[in-house]
Amino acid sequence: MPIDAAKALAADPRLGDIGWDHKDIQLYHLGLGAGRPATDPDELRYTLESKLHVLPSFATVAGAGMAMMGGLAAPGIDINLAHVLHGGQSIELHRPIPVKGRATSTARVAALYDKGKAAVVVLRTEVADADGPLWTSDAQIFVRGEGGFGGERGPSVREELPERAPDRVEERHIREDQALLYRLSGDWNPLHADPEFAKTAGFDQPILHGLCSYGMTLKAVVDTALGGDVSRVRAYRTRFAGIVFPGETLRIRMWQEPVRVLVSVTAVERDDAPVLADTVVEHA
């Protein structure tokens, strides 16, 4: 069934209540590889409840993916989930995320773009608590075979990297069991755990969640370019350019600018194959 853009865009938003506490935050951070070395004071900010701060990319798992799956079930969208790819992700922080909170999540289809042979569905989630807005999150979902419905092609956002050498280069090793731990934060797709399922999807082994590499990258930027201060992050966006496997290593190149950091992420063991592209962290 073709996408009915008008119906999807006009649909009422989906409302939900979400909550989290220090255990959810700690589990998410551990899933990103935090806590190595375990007694490092900088790592204890991610793992010890008495010192805890919240990496802003936690916004992508708060509510356990409710917004994404709810948005793909919106009126006017009848698609085969096997044809769905997570094409990009952005978050805008309105204020730091508290260690413990309850909030209301409002999710809707914010845009639909017709790429010809594919469609891009932009699922927007706005989260607010009793004190006001917390964050806005956009997931760009690429749906193969669902284009041709007559919509706009949409913007093409590309970030040109500086020609100079990066200001920082960090490497982050992905543990063999990291996808198994990360999925406990709510993404239960067997592609990231079941070797047989991964083979049916065309991979020799399970792949790491794109949002895990997304979080690992933000942690590297915060820890090195932003002095370990999560409250400096204002917004963070990326395009998922390729896969990475547990056991591999992310090479994270950073170019510092006055109010943002440009980032390129590649897989070391596969000749710097792209993982994340058009990646920007805006900061105070």
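# Helix 7, cores, pocket and salt bridges

Of the 16 residues of helix 7, 13 are buried, so the helix is largely enclosed by the rest of the structure. The model is predicted.

User: How far does helix 7 reach from its first C-alpha to its last?
Analyst: Helix 7 has 16 residues. At 1.5 Å a residue, the expected span is 22 Å. The reach in the model is close to that, at 22 Å.

User: Which residue follows helix 7, and what is its phi?
Analyst: Helix 7 covers residues 210-225. Gly-227 follows the helix with a positive phi. The value for Gly-227 is near 65°.

User: How many residues does the largest nonpolar core have, and which have the most contacts inside it?
Analyst: The largest nonpolar core has 50 residues. Its largest share, nine residues, comes from helix 7. The residues with the most contacts inside the core are Trp-20, Phe-58 and Trp-135.

User: Which residues does Trp-20 touch, leaving out those up to four places away in sequence?
Analyst: Trp-20 has some of the most contacts inside the largest core, along with Phe-58 and Trp-135. Both of those are also touched by Trp-20. Sequence neighbours up to four places away are not counted. The full set is Ile-25, Phe-58, Ile-97, Pro-98, Val-99, Lys-100, Gly-101, Ala-103, Leu-134 and Trp-135.

User: How many residues are in the other core that lies apart from the largest one?
Analyst: Another core lies apart from the largest nonpolar core. Among its members are Leu-112, Leu-123, Ile-141 and Val-143. Its residue count is 15.

User: Is Tyr-28 buried or exposed, and what is its relative accessible area?
Analyst: Tyr-28 sits in helix 2, residues 22-31. Its contacts beyond four places in sequence include Phe-58, Tyr-182 and Gly-215. Tyr-28 is buried because its relative accessible area falls under the 20% cut-off. That area is 0%.

User: How far apart in space are Tyr-28 and Gly-247?
Analyst: In sequence, Tyr-28 and Gly-247 are 219 residues apart. In space, C-alpha to C-alpha, the separation is 19 Å.

User: Which residues lie nearest the centre of the second largest pocket?
Analyst: The second largest pocket holds about 240 Å³ of space. Its lining has 15 residues. Helix 3 (41-47), strand 6 and helix 7 each give two or more residues to that lining. Nearest the centre lie Arg-36, Glu-43, Arg-172, Lys-219 and Asp-223.

User: Which residues are linked in a network of salt bridges?
Analyst: The whole structure has 21 salt bridges. Glu-43, Lys-219 and Asp-223, which are in the network, are also among the residues nearest the centre of the second largest pocket. The linked residues are Asp-42, Glu-43, Arg-45, Lys-219 and Asp-223.

User: How many residues apart in sequence are the parts tied together by Glu-159 and Arg-260?
Analyst: Glu-159 forms a salt bridge with Arg-260, with the closest N and O atoms 3.4 Å apart. Glu-159 lies in the loop between strand 5 and strand 6, and Arg-260 in strand 9, so the pair ties together separate parts of the sequence. Glu-159 is buried at 18% relative accessible area, while Arg-260 is partly exposed at 23%. The sequence separation is 101 residues.

User: Which residue forms a salt bridge with Arg-253?
Analyst: Arg-253 lies in strand 8, residues 249-257. Its partner is in the loop between strand 9 and strand 10, so the pair ties together parts 19 residues apart in sequence. The closest N and O atoms are 3.1 Å apart. The partner is Asp-272.

User: What is the phi of Asp-272?
Analyst: Most residues other than glycine have a negative phi. Asp-272 is not a glycine, yet its phi is positive. The residue is partly exposed, at 26% relative accessibility. Its phi is about 60°.

User: Where is Asp-278 found?
Analyst: Asp-278 also has a positive phi, near 50°. At 13% relative accessibility, Asp-278 counts as buried. Its place is in strand 10.

User: What is omega for the cis peptide bond that joins Arg-36 and Pro-37?
Analyst: Most peptide bonds are trans. The bond joining Arg-36 and Pro-37 is cis. Pro-37 is in the loop between helix 2 and helix 3. Omega is about -5°.

Technical notes. Residues numbered from 1 in each chain as written. Predicted model: local features only at pLDDT ≥ 70, side-chain atom pairs only at ≥ 80, totals over all residues. Heavy atoms only, no water. Salt bridge = Lys/Arg side-chain N within 4 Å of Asp/Glu carboxyl O. Helix = DSSP H or I, 4+ residues; strand = E, 2+ residues; numbered from the N terminus. Buried < 20%, exposed > 50% of the residue type's maximum accessible area, 1.4 Å probe, protein only. Core = buried A, V, L, I, M, F, W, Y, C linked by side-chain atoms within 4.5 Å. Contact = heavy atoms within 4.5 Å. Expected span 1.5 Å × (residues − 1). 1 Å grid on protein atoms, 1.4 Å probe; cavity = no way out; pocket = protein on both sides within 12 Å on 5 of 7 lines; lining within 4 Å. Points joined across faces, edges and corners; volume = space filled by probe spheres on them.
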